[in-house]
Amino acid sequence: MADAYILGIESSCDETAAAVVRSGEKVVSNVVFSQIATHQSFGGVVPELASREHLKAIVPVVREALADARQNYQSIDALAVTQGPGLAGSLLVGISHAKALAFALDKPLIAVNHLEGHIHAVLLEERQKEGFFPSEQKLRFPVLALVVSGGHTHLYLAQQRSESWSYENIGHTRDDAAGEAFDKVAKLLALGYPGGPIIDKLSAHGDPTAAKFQPSQIKHPDRRHKRQGLENAERPAIDFSYSGIKTAVLRYIETHGLQRAIDERSRALSKVARPKLENYLAHCDKQTLDLVASFQRAMVDDLVGKTLAAARAYNAATLFVTGGVAANNELRQRFEREAAMEGLPVYFPSRPLSTDNAAMIAAAAYPKFLIRQFASLDFSAEAGMALK
Ligand code: KG4
Ligand code: ZN
């Protein structure tokens with residue numbers, strides 16, 4: 001079969017992104033316009049501002065992705081766009097643009113679930129590295145995928161039958177997502193937005209055993225496991241909960257009298273245009289660095305522990321870890337070490353493909369392109385879209 005060039009468009013949250021991917025295996029261009037500067041002073045994404053920024057950015061971002069790929073509107077074979085989950089107003093900008101292009105160009109349009117995009121980022125990465133993914137030869141199923149980002153902490157069992165992929169959700173967060181916890185803790189400590197990357201870097205300078213934090217454990221049995229016929233004893237606690245750890249950090253700040261230092265840091269860093277690690281380090285005392293490292297350690301312990309427990313309970317043969325938080329250094333090292341101890345191969349996307357991007361959307365669209373699973377032009381955004 002001839003190569004297929006798919007133009008992917010992603011606008012589910014605060015990144016306007018477009019990319020061209022060849023046959024689900026090669027990123028030909030990948031443009032990500034981040035709105036961080038817009039949302040930074042609010043310490044989180046403001047949905048109304050996000051849609052406005054997407055509207056401004058979508059046309060130049062798509063044009064740039066085509067130009068970088070030495071493609072044009074006529075030469076691409078299909079378009080792919082994120083249908084959900086995400087912010088409704090933001091999703092609609094990408095969807096409307098993709099529909100208009102598909103209609104005007106008379107090209108097929110493929111609607112993609114954002115979470116499936118994150119999973120296919122792993123496959124895309126491996127195909128790029130190897131020229132092909134072990135998939136076709138030796139990728140063993142079921143694959144257990146941890147999708148861990150600012151909006152999601154989900155565990156999926158993934159299967160592939162000929163070109164079709166199917167997913168079963170076997171765990172999710174009951175409240176905050178893991179990335180949201182990183183962002184909220186960073187906000188409490190005046191460490192800027194998004195919180196994950198800076199907490200990741202600062203943690204290397206603190207003692208992760210200094211303070212004890214533990215994310216809440218979900219105890220009550222979950223009906224989904226009964227349906228799958230697992231015995232009680234085998235039923236792992238695979239749901240996540242991260243709103244309590246943020247409150248525990250707040251309590252730690254209060255009981256250890258850290259608020260004054262936080263206010264001073266906030267004042268000092270507000271004078272620096274784009275604070276770098278050195279600026280943060282200059283304004284963080286040992287106690288703060290220890291707190292940050294201990295928080296990260298607790299998050300990593302929980303994510304790795306529950307994912308590996310799920311892998312054992314469901315006899316997963318391969319592990320994928322993907323989404324913005326998968327960029328975290330300690331998380332990657334721990335997964336690599338502990339999965340290896342269990343003889344479980346583990347794969348991550350590179351850091352640029354871990355956080356939101358459109359290459360993953362174009363890659364996830366390719367199997368659907370092969371089986372001609374095209375969207376009709378009347379589909380709409382699905383803010384709470386489930387992955388099946
Ligand atoms: O996948 P993503 O770009 O967007 C969503 O779909 O949510 O993920 C963004 C999230 C943010 O919460 C950010 O703080 C987190 O990923 N993140 C990290 C790291 N890099 C990004 N969290 C921990 N360590 C990192 N290195
Ligand atoms: Zn995402």
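1. Helices here are DSSP runs of H or I with at least four residues, strands are E runs of at least two, and both are numbered from the N terminus. With that in hand, His205 is easy to place: look in the loop between α7 (195-203) and α8 (223-227). Bear in mind throughout that this is a predicted model.

2. Staying with His205, what does it touch once residues up to four places away in sequence are set aside? The contacts are Leu277, Leu281 and Leu289. Leu289 is 84 residues from His205 in sequence, yet the two C-alpha atoms are 6.3 Å apart in space. His205 itself comes out as partly exposed, because its relative accessible area of 44% falls between the 20% and 50% cut-offs.

3. On to the sheets. One is an open sheet of 5 strands, ordered β3-β2-β1-β4-β5, and its pairing is mixed. The edges belong to β3 (26-34) and β5 (109-113); each has a single partner strand, so one side of each is left without a neighbour in the sheet. From one strand to the next, the twist averages 20 degrees.

4. Inside that sheet, have a look at β4 and β5. Strand β4 (residues 78-84) runs parallel to β5, and 5 bridges join the two. If you want a register check, Gly84 stands opposite Asn113 in β5. Helix α2 (residues 47-68) packs on the sheet, where it touches β1, β2 and β3, and its direction makes about 20 degrees with that of β2.

5. There is also an open sheet with the strand order β8-β7-β6-β9-β10, again 5 strands with mixed pairing. Here β8 (164-172) and β10 (346-347) stand at the edges with a single partner strand each, so one side of each has no neighbour in the sheet. Strands β6 (residues 143-148) and β9 (residues 318-322) pair in the parallel sense, over 5 bridges. For the register, Val147 has Thr322 in β9 as its bridge partner. Helix α13 (residues 329-341) packs on this sheet and touches β6, β9 and β10, with its direction at about 175 degrees to that of β9.

6. Now the metal. Which residues coordinate the zinc ion (ligand 2)? They are His114 and His118, both through NE2, and Asp356 through OD, at 2.1 Å. The geometry counts as irregular, with angles of 93 to 148 degrees among the 4 donor atoms. That follows because four donors count as tetrahedral if all angles lie between 85 and 135 degrees, and the range here runs to 148 degrees.

7. Along the sequence, the zinc donors follow the spacing H-x3-H-x237-D. His118 sits in helix α4 (residues 114-130) and Asp356 in the loop between α14 (351-354) and α15 (359-370), so this pair ties together parts that are 238 residues apart in sequence. Buried or exposed, for His118? It is buried, at 0% relative accessibility. Asp356 also counts as buried, at 14%.

8. A search of the whole structure gives 16 salt bridges. One of them brings together the side chains of Arg22 and Asp3, at 3.8 Å from N to O. The two come from distant parts of the chain: Arg22 belongs to strand β2 (residues 15-22) and Asp3 to the segment before β1 (5-10), 19 residues apart. Both ends are partly exposed, with a relative accessible area of 24% for Arg22 and 41% for Asp3.

9. Another salt bridge runs between Asp176 and Lys246, whose closest N and O atoms are 3.6 Å apart. Asp176 is in the loop between β8 and α6 (178-188) and Lys246 is in helix α9 (residues 243-255), so to speak a link across 70 residues. Asp176 is buried at 9% relative accessible area, whereas Lys246, at 22%, counts as partly exposed.

10. Lys286 and Asp290 make a local pair: both lie in helix α12 (residues 286-313), 4 residues apart, or about one turn of the helix. Their salt bridge has its closest N and O atoms 2.8 Å apart. Lys286 counts as exposed at 57% relative accessibility, while Asp290 is buried at 10%. Elsewhere, salt bridges that share partners join Asp176, Glu180, Lys184 and Lys246 into one network.

Definitions and conventions: Residues numbered from 1 in each chain as written. Chains lettered and ligands numbered in written order. Predicted model: local features only at pLDDT ≥ 70, side-chain atom pairs only at ≥ 80, totals over all residues. Heavy atoms only, no water. Pairing = 2+ DSSP bridges. Contact = heavy atoms within 4.5 Å. Axes fitted to C-alpha atoms, helices over the stretch in contact; angles between N-to-C directions. Salt bridge = Lys/Arg side-chain N within 4 Å of Asp/Glu carboxyl O. Buried < 20%, exposed > 50% of the residue type's maximum accessible area, 1.4 Å probe, protein only. Donors = N, O, S within 2.8 Å, 3.2 Å for Na, K, Ca; no water. Tetrahedral: all angles 85-135°; square planar, octahedral: opposite > 155°, others 65-115°.
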